[in-house]
Amino acid sequence: SILSEKPEKDIEGDLSEAVEDRLIIPLSSNIFTFSHDRIQQGAYGLITDDNRSAGHLRAGRLLLAAIPEAKREENLFTILDQFNKGKDLITSAEERESVAKLNHQAGLKAKESAAFAPAYQFFRTGLDLLSEDSWQSRYEFTLAIHNDAAEAAYLSGDHEGMERLGEIILKNARNTTDKVPFYISRINSRSSQGRFREALDA
């Protein structure tokens with residue numbers, strides 16, 4: 001009912017025929033699931049790409065608005081699963097920054113669980129949402145997400161990606177102290193590849 005923005009009784013009425021045909025199964029008074037994965041895939045395939053992305057973005061917005069802030073972290077991956085599928089349609093700079101911060105938060109949460117590849121993906125999605133002038137307008141956050149993405153890159157085995165991020169960090173960091181986290185990631189990356197002499201030159 002959150003995603004449809006309709007009362008529960010109206011939703012049950014709309015879906016009654018599909019329930020009778022056993023296309024979907026009611027799990028509770030307001031929760032339904034498809035009776036088979038192929039039915040879900042078929043229904044999803046009928047939606048155009050543009051409408052699909054718009055639907056995901058709308059779902060992300062509704063979930064973010066409906067879930068209390070105290071419970072937001074435990075539902076973070078669910079919220080972003082929707083937002084990130086519709087992120088290309090976000091035009092507001094404020095909303096893009098907000099979703100970028102949610103991705104950064106999700107990346108940190110994934111990294112804490114040693115889920116380095118998903119963490120890296122969240123960080124990269126957050127980077128995609130940054131404005132062109134983010135190094136000037138949002139320096140602290142931009143630096144943090146770049147450094148975290150670089151670390152997650154090497155932990156995921158994408159050493160080249162880490163170096164590309166490093167070039168951006170070294171170009172835009174305002175002082176030597178702000179470059180230190182990347183240098184640490186570079187040393188660890190080269191050491192993990194057995195490139196010990198190069199690690200000393202990092």
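## Exercises: salt bridges, helix 5 and a pocket

K101 and E97 sit 4 residues apart in helix 5 (residues 93-112), so about one helical turn separates them. Keep in mind that this is a predicted model.

**Exercise 1.** Work out which kind of interaction joins the side chains of K101 and E97, and which network it belongs to.

*Solution.* Start with the distance: N to O comes to 3.2 Å. The cut-off for a salt bridge is 4 Å between a Lys or Arg side-chain nitrogen and a carboxyl oxygen of Asp or Glu, so the pair qualifies. Next, look at how open the lysine is: K101 has a relative accessible area of 41%, which makes it partly exposed. Finally, follow the links outward, and you get a salt-bridge network made up of E97, K101 and R138. For the wider picture, searching the whole structure turns up 9 salt bridges.

**Exercise 2.** Find the salt-bridge partner of K111 and say which helices the pair links.

*Solution.* The partner is E151, with N to O at 2.7 Å. This one ties together distant parts of the chain: K111 belongs to helix 5 and E151 to helix 8 (residues 139-155), 40 residues apart. Now check accessibility at both ends. K111 is among the buried residues of helix 5, while E151, at 25% relative accessibility, is partly exposed.

**Exercise 3.** Do likewise for R190: name its partner, then decide whether R190 is buried or exposed.

*Solution.* R190 forms a salt bridge with E163, at 3.6 Å from N to O. Again distant parts of the chain are linked, with R190 in helix 10 (residues 176-192) and E163 in helix 9 (residues 159-172), 27 residues apart. As for accessibility, R190 has a relative accessible area of 13%; buried means under 20%, so R190 is buried.

**Exercise 4.** Describe helix 5 from its start to what follows it, and check its span against the expected value.

*Solution.* At the start, a side-chain oxygen of S92 comes within 3.3 Å of the backbone nitrogen of E94. Then take the span: the 20 residues cover 29 Å from first C-alpha to last, close to the 28 Å expected at 1.5 Å a residue. Along the way, the buried residues include E95, V99, A100, L102, N103 and H104. After the helix comes A114, and its phi is positive, near 65°.

**Exercise 5.** Place L127 in the structure and list its contacts beyond the sequence neighbours within four places.

*Solution.* L127 is part of helix 6 (residues 116-128). Its relative accessibility is 16%, so L127 counts as buried. Its C-alpha is 6.9 Å from that of A100, although the two positions lie 27 residues apart in sequence numbering. With neighbours up to four places away set aside, L127 contacts I145, H146, A149 and L165.

**Exercise 6.** Characterise the second largest pocket: its volume, the residues closest to its centre, and the helices behind its lining.

*Solution.* Its volume is about 230 Å³. The lining has 15 residues, and those closest to the centre are L127, D128, H146, L165 and I168. Sorting the lining by helix, at least two residues each come from helix 6, helix 7 (134-137), helix 8 and helix 9. Helix 9 contributes the most, with 5 residues.

**Exercise 7.** Is S134 buried or exposed, and what does S134 touch?

*Solution.* S134 lies in helix 7. A relative accessible area of 5% makes S134 buried. Ignoring residues up to four places away in sequence, S134 touches Y139 and T142.

Technical notes. Residues numbered from 1 in each chain as written. Predicted model: local features only at pLDDT ≥ 70, side-chain atom pairs only at ≥ 80, totals over all residues. Heavy atoms only, no water. Buried < 20%, exposed > 50% of the residue type's maximum accessible area, 1.4 Å probe, protein only. Expected span 1.5 Å × (residues − 1). Polar contact = N/O pair within 3.5 Å; in protein donor to acceptor, adjacent residues only side chain to side chain. Contact = heavy atoms within 4.5 Å. 1 Å grid on protein atoms, 1.4 Å probe; cavity = no way out; pocket = protein on both sides within 12 Å on 5 of 7 lines; lining within 4 Å. Points joined across faces, edges and corners; volume = space filled by probe spheres on them.
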